[in-house]
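Work through the exercises below with the sequence and the model open. Each task is followed by a solution in steps.

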Amino acid sequence: MTLVTDVRLRRVLDSRGNPTVEADVLTESGGFGRAAAPSGASTGEYEAIERPANEAIAAARERAVPRLVGEAYAGNQREVDALLRAADGTDDFSEIGANSAVAISMAAAKAGADVLGAPLFQHLGGAFRGENFPIPLGNVVGGGEHATDATDIQEFLVAPVGAPNVADAVFANAAVHGEVADLLEERGVPSGKGDEGAWAPSIDDAEAFELVEHAVETVEADVGFEIGFGLDVAAAELYDADAGVYEYSDTTRDTDEQIDYIADLVAEYDLVYVEDPLDENDYEAFAELTDRVGERTLICGDDLFVTNTDRLAEGIEQGAANSILIKPNQIGTLTDAFDAIELATRNGYESVVSHRSGETEDTTIAHLAVATDAPYVKTGAVGGERTAKLNELIRIADDAT
Ligand code: PGA
Ligand code: ZN
């Protein structure tokens with residue numbers, strides 16, 4: 001029933017106005033799945049390779065599509081993804097592009113779900129899926145590679161940990177985002193938005209901390225539940241490997257100073273989540289920081305692990321971080337993403353499913369987060385390609401309860 005009968009690939013727009021790969025997978029009994037690849041800006045050094053969309057499409061049409069059509073069953077994700085890997089023949093999808101691979105992989109999953117008449121989260125998660133729903137991490141202020149002339153820290157995130165349900169959590173994040181705008185206006189600070197829809201004012205990190213803390217307190221008083229504070233430092237982008245220091249606008253910090261700085265921030269702002277606080281090559285420093293604050297917060301590896309089981313295994317070995325960011329396009333297939341989550345879970349690491357800075361209206365990550373019982377899902381707070389995921393989470397919660 002789920003034998004793949006056609007795979008169609010096309011270029012569509014992403015949220016930065018760049019072309020990205022969209023895939024349609026059709027099956028024998030009329031099953032249909034459509035998915036599009038996202039795209040990063042602060043990409044990790046060890047990510048699978050994204051090729052220009054037209055090249056990725058041409059290469060996938062030549063190498064991968066003939067292997068799938070009439071051969072693969074969309075309901076058998078491991079088979080589809082193994083064929084994609086075999087068709088590519090490299091470790092990093094540099095032939096067909098991780099963008100083509102992930103679009104086809106996700107579209108096949110949706111076609112498999114379609115044939116079953118099941119929502120994607122149910123198809124992916126199965127009957128043993130847990131009852132919990134992921135808490136959306138909302139990016140409310142940011143800079144780094146996502147905006148020019150803004151904060152050094154890439155993302156100031158809010159996490160409505162006390163929200164009674166997904167919808168309240170989603171609205172709380174949007175409310176903090178709105179409150180930040182009001183505070184900026186009161187202070188006469190003009191601000192555009194960064195790639196993920198977060199405010200990107202020309203302020204320093206210290207002011208951003210104060211601003212977000214203030215906005216969180218106001219919204220907490222209003223909604224009556226706890227809203228946590230988190231960060232994506234994206235420290236690899238700040239790190240100067242030659243000098244061995246993290247370069248901030250107003251100062252530099254060596255590795256020990258960076259560890260102290262982050263540990264102090266965790267204590268001062270009671271951070272519930274800290275992503276990529278250190279360089280993507282420095283497992284040792286990650287391990288030291290995890291040792292110091294890992295009991296009270298999630299230290300998450302994004303550029304560090306790039307959804308890659310080999311890199312995660314190394315992290316587990318060294319005690320680096322206690323959670324992993326899951327971005328299917330960093331590794332190329334849903335199977336690889338599931339394997340990373342499984343390895344993480346077996347070793348007591350949490351998995352946090354995430355969008356990219358360049359996104360489409362695709363909602364696969366919302367389903368993936370629910371299917372895998374992720375404690376958090378990173379989706380941004382507002383903006384069409386972000387609200388697509390958030391609204392899907394609300395629908396899934398509505399569906400599943
Ligand atoms: P990216 O950023 O999608 O630009 O890589 C998101 C992140 O670092 O989490
Ligand atoms: Zn990140």
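The exercises cover two helix contacts, a pocket and the cavities.

This is a predicted model, in which local features need pLDDT of at least 70, side-chain atom pairs count only at pLDDT 80 or more, and totals for chains, interfaces and linings use all residues. Residues are numbered from 1 along each chain as its sequence is written, and side-chain values use heavy atoms, with hydrogens and water left out.

**Exercise 1.** Determine how the axes of H9 and H10 are oriented and which residues make the contact.

Step 1. The axes of helix H9 (residues 283–293) and H10 come within 9 Å and cross at roughly 50 degrees. Axes are lines fitted to C-alpha atoms, for helices over the stretch in contact, with angles from 0 to 180 degrees between N-to-C directions. Helices are DSSP runs (H or I, at least four residues) numbered from the N terminus.

Step 2. H9 and H10 are therefore oblique to each other; angles under 35 degrees count as roughly parallel, over 145 as roughly antiparallel, 65 to 115 as roughly perpendicular and the rest as oblique.

Step 3. Tyr283, Glu284 and Ala287 of H9 meet Arg311, Glu314, Gly315 and Gln318 of H10, where contact means heavy atoms within 4.5 Å.

**Exercise 2.** Do the same for H3 and H12.

Step 1. The axes of helix H3 (residues 77–88) and H12 come within 8 Å and cross at roughly 115 degrees.

Step 2. H3 and H12 are therefore roughly perpendicular to each other.

Step 3. On H3 the contact uses Gln77, Arg78, Asp81 and Arg85, and on H12 Leu334, Thr335, Asp336 and Asp339.

Step 4. By class, this contact of H3 with H12 has one nonpolar, two polar and five charged residues. Ala, Val, Leu, Ile, Met, Phe, Trp, Tyr, Cys and Pro count as nonpolar, Asp, Glu, Lys and Arg as charged, and the others, Gly among them, as polar.

**Exercise 3.** Describe the largest pocket and its lining.

Step 1. On a 1 Å grid over the protein atoms alone, a pocket is an open set of points with protein on both sides within 12 Å along at least five of seven lines, a cavity is a set where a 1.4 Å probe fits but cannot get out, and lining residues have an atom within 4 Å of a point.

Step 2. The largest pocket has a volume (the space filled by probe spheres set on the points, which are joined across faces, edges and corners) of about 250 Å³.

Step 3. It has 14 lining residues, and Arg85, Asp91, Asn308, Asp310 and Ile331 are the closest to its centre.

Step 4. The lining comprises three nonpolar, four polar and seven charged residues.

**Exercise 4.** How many cavities of 30 Å³ or more does the structure hold?

Step 1. There are three.

Step 2. The largest cavity has a volume of about 90 Å³.

Notes. Chains are lettered from A and ligands numbered from 1 in the order in which they are written. Helices (H or I, at least four residues) and strands (E, at least two) are DSSP runs, numbered from the N terminus.
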